[in-house]
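Visitor: Got a minute to walk me through this one? I'd like to go spot by spot.
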Amino acid sequence: MQHSTGYIVGFAVAICLVCAILVASSAVGLAPRQEANKLLDRQTKVLTVAGLIEEGAGLPREEITALFEATIQQKVIDLKTGAANAEIDVATFDQQAAASDPDRSFRAPPNASKVRRLPNNALVFDVFEKGELTALILPIEGYGLWGTLYGYIALEPDARTILGITFYKHKETPGLGGEVDNPRWKALWPGRLAFDDRGNTRIGVKKGVAGSPEKDPYNVDGLSGATITSRGVTALLRFWLGEDGFGPYLASYRVRAGI
Ligand SMILES: Cc1cc2nc3c(=O)[nH]c(=O)nc-3n(C[C@H](O)[C@H](O)[C@H](O)COP(=O)(O)O)c2cc1C
């Protein structure tokens, strides 16, 4: 049986319309869930780098949210001054979106991490346990071999000793640079020192094996076969812990904490 041209065109248009409606309504319908998952993901990463939950513990979402709300205080800060910015809604602030918005960012000074723009404001986290500040968590990012690594670093209240590090998004090769995800490598970080006595950023990933945190406090083992990623991690830490990153925030924290 042969159909007329009008029938074929009408049929194709009807199929397109039905598909368009299906795709559009699922995109709109799923948006709140995607937002909720994004938020849960951020909470999980922050709690993990703070050492409050085990990596991959698979806790129920209510438990994660309750723990986050009980222990973590989120703050939007002005990156250049380090001062808190209470005018921005912390619950919805997206630092990465801000960094790519020309109205809410500025050109980064030349840097080895290939960070091109810096957000005017950044999202940082204070961890409180039993009412006492136990950690400062800062977002970090920078280029490895294949792309930008995104993560967090947690510092002890002395703003110098590292409590943990995590990278939650990157494009490095599994088994090589992708070993930044390896819990054994991440376990090498706690107890190392981000800064020396004079406040210079010293922490870095060396080529080869580092000593214990007591004997070799500024170095972490290199990732074997992945010197470029290792260098990238060093560069991004030096950048974000330095003057152009969270230097002003850490300086103002030290004044407030009297250290
Ligand atoms: C397919 C492929 C993927 C690679 N992925 C990475 C990587 O993710 N990170 C990295 O630093 N080097 C990676 N390398 C290796 C680099 O090209 C370079 O050889 C290495 O960083 C040198 O590290 P080494 O001095 O420890 O051997 C990769 C190489 C190949 C061929």
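Guide: Sure, and keep in mind that it's a predicted model. Let's start at Lys 114, which counts as partly exposed because it has 17 C-beta neighbours inside 10 Å.

Visitor: Where does Lys 114 lie?
Guide: Lys 114 is in the loop between strand 2 (105–107) and strand 3 (117–119).

Visitor: And what's phi of Lys 114 near?
Guide: It's near 55°, so a positive value in a residue other than glycine. As background, most residues other than glycine have a negative phi.

Visitor: Ok, zooming out. How many helices and strands does the protein come to?
Guide: Six helices and nine strands. The C-alpha trace spans about 85 × 45 × 40 Å along its principal axes.

Visitor: What share of the residues is buried?
Guide: Buried residues are 32% of the 259 in the protein. As for contacts between residues at least 6 apart in sequence, 53% of them join residues at least 24 apart.

Visitor: Let's do strands. How do strand 4 and strand 5 run, and how many bridges join them?
Guide: Strand 4 and strand 5 are antiparallel, with five bridges joining them. Val 127 stands opposite Ala 135 of strand 5. The hairpin of these two strands has two residues between them, and Lys 130 there takes a positive phi near 50°.

Visitor: What about strand 5 and strand 6, over how many bridges do they pair?
Guide: Eight, again in the antiparallel sense. One of the partnerships is Glu 141 with Tyr 150 in strand 6. A hairpin of four residues connects strand 5 to strand 6.

Visitor: Is strand 5 mostly covered or uncovered?
Guide: Mostly covered, with nine of its 12 residues buried.

Visitor: And how many bridges join strand 6 to strand 7?
Guide: Six bridges join strand 6 (residues 148–155) to strand 7 (residues 162–169), and they run antiparallel. Gly 151 sits opposite Phe 167 in strand 7.

Visitor: Which residue in the turn of that hairpin has a positive phi?
Guide: Ala 159, with a phi of about 60°, in a hairpin that has six residues between strand 6 and strand 7. Ala 159 is not a glycine either. It counts as partly exposed because it has 19 C-beta neighbours inside 10 Å, and 20 would be enough to call it buried.

Visitor: Switching to helices. How far does helix 5 reach from its first C-alpha to its last?
Guide: Helix 5 (residues 227–241) has 15 residues and reaches 21 Å, close to the 21 Å expected at 1.5 Å a residue.

Visitor: Why is helix 5 described as largely enclosed?
Guide: Because 12 of its 15 residues are buried. Among them are Arg 238, Phe 239 and Trp 240. What covers the buried residues of helix 5 includes strand 5, strand 6 and strand 8 (204–205).

Visitor: Now helix 6, which residues are buried there?
Guide: In helix 6 (residues 247–257) they are Tyr 249, Leu 250 and Tyr 253. They cover an arc of only 95° around the axis, so they lie on the same side of helix 6. Their cover includes strand 1 (72–78), strand 4 (121–129) and strand 5 (132–143).

Visitor: What follows helix 6?
Guide: Gly 258, with a positive phi near 70°.

Visitor: There's a ligand too. Which residues are around the ligand?
Guide: Leu 145, Glu 172, Thr 173, Leu 176, Gly 177, Ser 224, Gly 225, Ala 226, Thr 227, Ile 228 and Thr 229.

Visitor: How does that shell divide into nonpolar, polar and charged?
Guide: Four nonpolar, six polar and one charged. Thr 229 of the shell also turns up among the buried residues of helix 5.

Visitor: Last topic. Is Ala 91 buried or exposed?
Guide: Exposed, because it has 7 other C-beta atoms within 10 Å. Ala 91 belongs to the loop between strand 1 and helix 3 (95–99).

Visitor: How far apart are the C-alpha atoms of Ala 91 and Thr 227?
Guide: They're separated by 37 Å, with their positions 136 residues apart along the chain. For Leu 39 and Ala 91, 52 residues apart along the chain, the C-alpha separation is 8.7 Å.

Visitor: And the place of Leu 39?
Guide: Leu 39 is in helix 1 (residues 5–49). It counts as partly exposed because it has 16 C-beta neighbours inside 10 Å.

Technical notes. Residues numbered from 1 in each chain as written. Predicted model: local features only at pLDDT ≥ 70, side-chain atom pairs only at ≥ 80, totals over all residues. Arc of directions from axis to C-beta. Contact = placed C-beta atoms within 7 Å. Near = placed C-beta within 6 Å. Nonpolar A, V, L, I, M, F, W, Y, C, P; charged D, E, K, R; others polar. Pairing = 2+ DSSP bridges. Expected span 1.5 Å × (residues − 1).
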